[in-house]
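Have your viewer open and the selection tool ready. We will go from stop to stop, and at each one you will hear what to pick and what is there.

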Amino acid sequence: MKWTKRLFIILVVFLAVIGLPFLIPLNTYIPEIEKQAGEKLNEPVKIGSLRFSLVPMPHVALERITIGAQQEVRIASVKVSPNLSSLFSTVKILRNIDLDTISIRTDMLGKMPAWFKSDGGPQTVRIEKIGLNHVTLDSPGMALPLFSVVVNMNSDGGLKNALLASDDGKLKLDATPISDSDFDLKLSAQQWRFPVGPAFQFDVLNIAGVVDSEALRLKDIDGKLYGGTLKGAAELNWKSGWRLKGDLKSQRVALESLLPLFNSKARVNGRLNAKARFAMNGRTASQLADSPNVDGDFSIHNGVLHGFDLARAAQPIKIKEVRGGQTAFEEFSGIFNVAGKDIRLSKLNISSGVLNANGDVDISSSKQLGGKVYVEVKQGVSLVSVPLRVSGTLQDPVMFPTGAAVTGAVVGTAILGPGVGTSLGVQAADKLESWFGGKKK
């Protein structure tokens, strides 16, 4: 029966090895782990539970972890897998730390790069790789996709690089440290939608930049969208509130696809070339687009301006008010300024065959239109120039000749006949109106 006794002893030892970790009250170690982790991260750390498991490989599992005074970072579970051969060495090696189902508030992002710095002291624990799975950035008003991150560490405990990829496979980001506080960034995206402000849909987007604890500086932005291209640079700073500024240049973008992203009621199609300088401020990241300041210039080629029939409106004797219609143009250019929800379009110029127009138009936050446009229309051998008041809304624009223009047209036509007389009468009346109107101001 000796073999039965030996088998029994082996079975007891095996069960003891398997069951021993479950007999040790691991939760008693939680306060010390919270203390050491808090000192390393310089943030309060809380752990819900701690357990040890041998399958599929020996590891320690932590659950319900929070970081930050207001729990800015929340982690459902953490699995720590040690290198067993290093347990009796001076430096303990952790092969992997896998974090699953993570929520991070965006105001914590600026502090996180410092968490991966080596403190310069003697190492007692070295981490080889950290994996973050199913990460959510928590910021009201921002539609951000789930993503995962792999963080590779150096032999000295510092960060080697971090690789981020969205769970839908559309976005990839490579971050590599270039100094104690700066990280080199390379982002690539395909069929990706911008998460803040107007949701631009990029066919392809490549960005190179750097990030530190205070700001993200995008030095080279190169994208393709809506049949055109976008290039520029931008800086996002979160040291004191959130601030975004930069310059962008677009070429041959299909305007009819772009305008709906701004909830615009204007209907214009054609290919857009534009240069813009922008600055935005907000208490949170999601508030950046609430009060933008943007200025620049634009030109639209071979398009149609819907809701405005400039040729029909430029007939001061026959028609006093024009709604609807459209104006085809070869080029529509001007200068734009966006201040909050108010838009000013100045030095506008529209050219198309027998028609030319120029002027200034304001669009209020309530989408009300106001301004003045001078329209020149060739009628036979004569060129008639008519000043038009612009009013109404983006959805229902209204144009009508000024009162002085109508009077001047009637008088000029009566004296000198239609054509030349009409044009001279309108011009003379408009000059008188601007002179006397200016004195009244």
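What is the relative accessibility of Arg 51, and does that count as buried, partly exposed or exposed? Select Arg 51 and keep the question in mind while we look at the whole chain. One thing to know at the outset: this is a predicted model.

**The whole chain**

Show the cartoon for the protein chain, and you can trace six helices and 23 strands. Now colour by burial: of the 441 residues, 40% count as buried. If you draw a contact map, take the contacts between residues at least 6 apart in sequence; 43% of these join residues at least 24 apart. Switch on the surface next. The accessible area of the protein chain is about 24600 Å², and carbon and sulfur atoms account for 59% of that.

**Salt bridges**

Searching the whole structure turns up eleven salt bridges. We will visit three of them, starting in a helix.

*Stop one: Lys 35 and Glu 39.* Select helix H2, residues 30-41, and show these two side chains. They form a salt bridge, with N to O at 2.9 Å. Why can they face each other along the helix? Lys 35 and Glu 39 are four residues apart in H2, so about one helical turn separates them. Glu 39 is exposed, at 54% relative accessible area, while Lys 35 is partly exposed, at 46%.

*Stop two: Arg 51 and Glu 63.* Back to the residue you selected earlier. Arg 51 has a relative accessibility of 42%, which counts as partly exposed. Its side chain meets that of Glu 63 in a salt bridge of 3.9 Å, N to O. Add strand S1 (residues 45-53), which holds Arg 51, and strand S2 (residues 59-67), which holds Glu 63; the pair therefore ties together parts twelve residues apart in sequence. Glu 63 is partly exposed too, with a relative accessible area of 26%.

*Stop three: Asp 309 and Arg 312.* Move along the chain and select this pair. The closest N and O atoms of their salt bridge are 3.4 Å apart. Is Asp 309 buried or exposed? With a relative accessibility of 17%, Asp 309 counts as buried, whereas Arg 312 is partly exposed at 32%.

**A last selection**

Which residues are joined with Arg 51 into one network by salt bridges that share partners? Select Glu 63 and Arg 64 along with Arg 51, and you have that network on screen.

Technical notes: Residues numbered from 1 in each chain as written. Predicted model: local features only at pLDDT ≥ 70, side-chain atom pairs only at ≥ 80, totals over all residues. Heavy atoms only, no water. Buried < 20%, exposed > 50% of the residue type's maximum accessible area, 1.4 Å probe, protein only. Contact = heavy atoms within 4.5 Å. Areas by Shrake-Rupley, 256 points an atom, 1.4 Å probe, with all protein chains shown as cover. Salt bridge = Lys/Arg side-chain N within 4 Å of Asp/Glu carboxyl O.
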